[in-house]
Amino acid sequence: MCAISTPETSESTEPRVQALIGRLKAAHPDAACVLRHENPFQLLVATILSAQCTDERVNKVTPALFSRFPDAVSLKGADVTDVEELIRTTGFFHNKTRSLLGASTRIVEAFGGKVPSRMEDLLSLPGVARKTANVVLGVGYGIADGIVVDTHVDRVSHRLGLTRAENAVEVEKDLMRVVPRSEWILFAHLLIFHGRRICVARKPRCAVCPVQDLCTSAPYFLNGRIPPWERRRGGREARGGKGKARKRLAKGKAKRGTRRRAIRGAERRAKGGAKRK
Ligand code: SF4
């Protein structure tokens, strides 16, 4: 099995990354942004709403939101509770509303109502970090300034051995070093689609993966083991759910706590009863 070189090694990753991109393109010819939008402003809003939420859910919410508030001017003057009600089902709706109104205000006041097309300007908008800015630049304006790193890109690029970085900013830098700039925009979509369909968090489907021979993690997963780099990062995904063990533990503790409180209460009542007698 051919191991892909990582950014730490001196061997060039280029031919293998090219092969990787070619095969991912063939496997996911439909890879693209699935957030429905008609202009960069709508894309910005949808991307802010997509934090900790599925794209499908965002697409259910945005038609009503965009018909009430089609641009930055209208959203800037919106009533907070109206916006919160419209986006409630996307989660974290208080924070998201604050970001949407704050970003709209700055877009109107500092950029004449038009979503800026420079990274530094986008990063000056409330609620906008590199991931959102990269989506707006790449998908909205066709500008490859960086690579979108979401949860799928982070997981799959680690598994493929393209990075060993511990935060999204460093992951992005590693990817920008090994992926040709002409592919930066599409590359993120390819990893997102691959992460949703094949390299899923809990049980990656390595046996049917078209890049199995280029992947540093495949030999581990195929032998029922978790790769050391995934274990170092917590190994939660492939172990079968980050929350399960913790939830079970918390439930057990809660039950034990309830039992202890009930026993203490009964003891207190018994003592009180004894004194009264
Ligand atoms: S071989 Fe397995 S771990 Fe590697 S990219 Fe494919 S599904 Fe993910």
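This is a short talk on one protein chain and its ligand, and the model is a predicted one.

I'll start with the overall makeup. The protein chain has 14 helices and zero strands. Read from the N terminus, then, every entry in the order of elements is an α. The chain has 277 residues, and buried residues make up 37% of them. As for contacts, take those between residues at least 6 apart in sequence: 60% of these join residues at least 24 apart.

Next, a pair of helices. Helix α2 covers residues 40–49, and helix α6 covers residues 93–111. The two pack with their axes 10 Å apart, at an angle of about 155 degrees. That angle is over 145 degrees, so α2 is roughly antiparallel to α6. The crossing of α2 past α6 is right-handed.

Which residues meet where α2 and α6 touch? On the α2 side they are L44, V45, I48 and L49. On the α6 side they are K96, S99, L100 and A103. By class, this contact has six nonpolar residues, one polar and one charged. On the spacing along a helix, there is a general point: an α-helix has 3.6 residues a turn, so residues three or four places apart point the same way.

Two loops beside these helices deserve a stop. Most residues other than glycine have a negative phi. Q52 has a positive one, near 55 degrees, and is not a glycine. Q52 sits in the loop between α2 and α3, the latter being residues 55–68. Is Q52 buried or exposed? Q52 has 11 other C-beta atoms within 10 Å, so it is exposed.

The other case is F92, also not a glycine, with a positive phi of about 45 degrees. F92 lies in the loop between α5, residues 80–87, and α6. F92 has 14 C-beta neighbours inside 10 Å and therefore counts as partly exposed.

Now to α9, residues 151–159. Why is α9 described as largely enclosed by the rest of the structure? Because eight of its nine residues are buried. The buried ones are H152, V153, D154, R155, V156, S157, H158 and R159. What covers them includes α10 at 168–178, α11 at 184–197 and α13 at 228–232.

After α9 comes G161, which has a positive phi near 80 degrees. R164 is in the loop between α9 and α10. With 16 C-beta neighbours inside 10 Å, R164 counts as partly exposed. R164 and W229 are 65 residues apart along the chain, yet their C-alpha atoms are separated by 7.4 Å.

Last, the ligand. How many residues are around the ligand, and which come nearest? There are 15, and the nearest are C199, P204, C206, C209 and C215. The elements that give two or more residues to this shell are α9, the helix we just looked at, and α12, residues 218–222. By class, the shell has 11 nonpolar, two polar and two charged residues.

To recap, we have seen a chain of 14 helices and zero strands, with α2 roughly antiparallel to α6. We have also seen α9, which is largely enclosed by the rest of the structure and gives two or more residues to the shell around the ligand.

Terms used
Residues are numbered from 1 along each chain as its sequence is written. This is a predicted model: local features need pLDDT of at least 70, side-chain atom pairs count only at pLDDT 80 or more; totals for chains, interfaces and linings use all residues. Axes are lines fitted to C-alpha atoms, for helices over the stretch in contact, and angles run from 0 to 180 degrees between N-to-C directions. Helices (H or I, at least four residues) and strands (E, at least two) are DSSP runs, numbered from the N terminus. Angles under 35 degrees count as roughly parallel, over 145 as roughly antiparallel, 65 to 115 as roughly perpendicular and the rest as oblique. A crossing is left-handed if the near helix is turned anticlockwise from the far one by less than a right angle, and right-handed if clockwise. Two residues are in contact if their C-beta atoms, placed from the backbone, lie within 7 Å. Ala, Val, Leu, Ile, Met, Phe, Trp, Tyr, Cys and Pro count as nonpolar, Asp, Glu, Lys and Arg as charged, and the others, Gly among them, as polar. A residue is near a molecule or strand if its C-beta atom, placed from the backbone, lies within 6 Å of it. A residue is buried if 20 or more other C-beta atoms lie within 10 Å of its own, exposed if 12 or fewer, and partly exposed in between; C-beta atoms are placed from the backbone.
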